[in-house]
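Please open the structure in a viewer that allows selection by residue number. The tour below proceeds stop by stop, stating what to select and what is found there.

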Amino acid sequence: SGESGAGKTESTKLLLQHIMNLCKGNSQLEQQILQVNPLLEAFGNAQTVMNDNSSRFGKYIQLRFQKNTVRGAKLSEYLLEKSRVVQQDTGERNFHIFYYMFAGLSPEEKQMYGLLDPSLYRYISGRFGTQDVAQRWKHKYQEVCNALDMVGFQEQEQVDMQAILAGVLSLGNVTFEPEESNGSLKVSQASQGWLKAAAVKVDVLNELVRCVPCSPQSPSVSCCCSLCADARDSIAKVAYGRVFGWIVCKINELLAENVDPEVELRDIGILDIFGFENFAVNRFEQLCINLANEQLQHFFNHHIFQLEQAAYKEEELPWETITFNNNEPILNLLLAKPLGLLSLLDEQSAFPQATDKTFVDKLNSSFKGNLHFQPGRGRVLGFSIIHYAGKVQYTAEGFLEKNRDTLPASVRGLFINSVTPLLSALAMLWLAGLLIFLCPHQHSLMMLMERMYSANPHFVRCIKPNSQKEPGVVDSQVVLLQLRYNGLLETIRIRRDGFSWRPSFEEFAER
């Protein structure tokens, strides 16, 4: 754990390499496990203002052993930031794979997928980078292709996957204009070519995006255009989320253990989850990420402070209790039922007439006087939470829509009838309940924490040396702040005053 950009993903890769080396094997399975990382980073990581290779999802890698040999592995993913597909803030980029494709595909392949100059695509904001950067992306694209081959993806599957991604980019350029005859909306004449390019890849039907009903309260053209744009972006996010979920499922099929079910296997699990975030603009995604970090911090507190000190008291050792910053009140603010923040968000999401403003009004009235909540200031619709790692101001725009995360029936039919076999197959599996692509965030985090509490944990705390993403520079104030809010200074006191290494009697006697 640690802040965004502190080195969690790099540490995870080093730890995996170390474990594989300790196994002293060089099997195909071990190589496949190591090849999973570049694949997941390409589809699940992106540049943010805090980190050039930021994980925009959480992953839990479960390694299964028999007699010190890896027999299988399983990957679980949490909370993919799908909204990044359609929107990035200043200084940020979309998922890496889009840029790798532009840099790595040959002119003939780009023509096959209908890809034009990258500066034309709204979903990547026209930002592409220098020649040196493009050369690095070209190399990364080759790494991804090698990883897909090694993990076992068929050539046609890879073609379909890239066809869907190209279609997503084309879809982002579809715009809308009023229909002269009846005042409804249609796809603009200028973007008919983009719609055709997208339809070839993801079978987006013209009628789907031009017949979005307007709200009776706001029947203006601009409102209807916004609703149509939301429908378009919803299709793009779902398509990308399906592809990502399919990649994870495919990886798990290929890395599954092939041993007698009666044989007992031992597990080592590694959790690499997005770090605490505090940007200039913090949205629903940052709240989910910071909630996950609050839960992990509470888990850390439970094991390091509560259980450790309870053991000394139980054995009646002389011990002066070390206090720590308990973040339980913050978790209650966010998770309590029926009046926690997320419960209120679910309640508002269920009301068709509710808006982001009614949600914020509800928070302001419910949490008046709460030490960890502050109403928004000025004209920005939002609120602030005093997290264990500091105060974060959230912009409430889009909270209800992102929390609903629904897929209209017309869009589901679109995927099922897609001309791209892979997308159609993914939709059918999803409807049949055989493939879980996306979990509502609360359920997803609950499953993760259940897994954590059932394990014997070891904590790796990653500390970011500076805020400028510079190598070899240590900013002592930045480091000290992290040591304080992570509870590491108190942890050091417990380790110094207590008994951090407790061997069994047999171990002690043998030594």
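The stops that follow concern helix packing, a buried helix face and some backbone details.

This is a predicted model, in which local features need pLDDT of at least 70 and side-chain atom pairs count only at pLDDT 80 or more, while totals for chains, interfaces and linings use all residues. Residues are numbered from 1 along each chain as its sequence is written, and side-chain values use heavy atoms, with hydrogens and water left out.

**Stop 1: Q35 and its partners**

Select residues 28–44, which form helix α2; helices here are DSSP runs of H or I with at least four residues, strands are runs of E with at least two, and both are numbered from the N terminus. Within α2, display the side chain of Q35. Q35 counts as partly exposed because its relative accessibility is 23% (buried means under 20% relative accessible area, exposed over 50%, and partly exposed in between, with a 1.4 Å probe and protein chains only). Next add A147, M150 and V151, which Q35 touches when residues up to four places away in sequence are not counted (contact means heavy atoms within 4.5 Å). The C-alpha atoms of Q35 and V151 lie 7.1 Å apart, although the two residues are separated by 116 residues in sequence.

**Stop 2: α2 against α3**

Keep α2 and add helix α3, residues 96–104. The two axes come within 5 Å and cross at roughly 100°, which means that α2 is roughly perpendicular to α3. Axes are lines fitted to C-alpha atoms, for helices over the stretch in contact, and angles run from 0 to 180 degrees between N-to-C directions. Angles under 35 degrees count as roughly parallel, over 145 as roughly antiparallel, 65 to 115 as roughly perpendicular, and the rest as oblique. At the contact, E41, A42 and F43 of α2 meet H96, I97 and Y100 of α3. These residues divide into four nonpolar, one polar and one charged (Ala, Val, Leu, Ile, Met, Phe, Trp, Tyr, Cys and Pro count as nonpolar, Asp, Glu, Lys and Arg as charged, and the others, Gly among them, as polar).

**Stop 3: α10 against α11**

Select residues 284–314 (α10) and 328–335 (α11), whose axes are 10 Å apart at an angle of about 140°. α10 is therefore oblique to α11. From α10, L287, L291, E294, Q295 and H298 meet E328, I330, L331, L334 and L335 of α11. The contact comprises six nonpolar, two polar and two charged residues.

**Stop 4: the cis peptide bond**

Move to P338, in the loop between α11 and α12. The peptide bond from K337 to P338 is cis, with omega near 10°.

**Stop 5: the loop between β3 and β4**

Select K67, in the loop between β3 (58–66) and β4 (69–78), and then N68, also placed between β3 and β4. K67 has a positive phi of about 50° without being a glycine, and N68, likewise not a glycine, has a phi near 65°. Most residues other than glycine have a negative phi. K67 is exposed, with a relative accessible area of 76%, and N68 is exposed at 64%.

**Stop 6: the buried face of α13**

Finally, select α13, residues 356–366, and highlight its buried residues D356, F359, V360 and L363. Viewed down the helix axis, they fall within an arc of 95°, so they line one face of α13 (the arc is that of the directions from the helix axis to the C-beta atoms). To see what covers them, add elements including α12 (341–349), β8 (373–375), β9 (382–387) and α14 (399–404).
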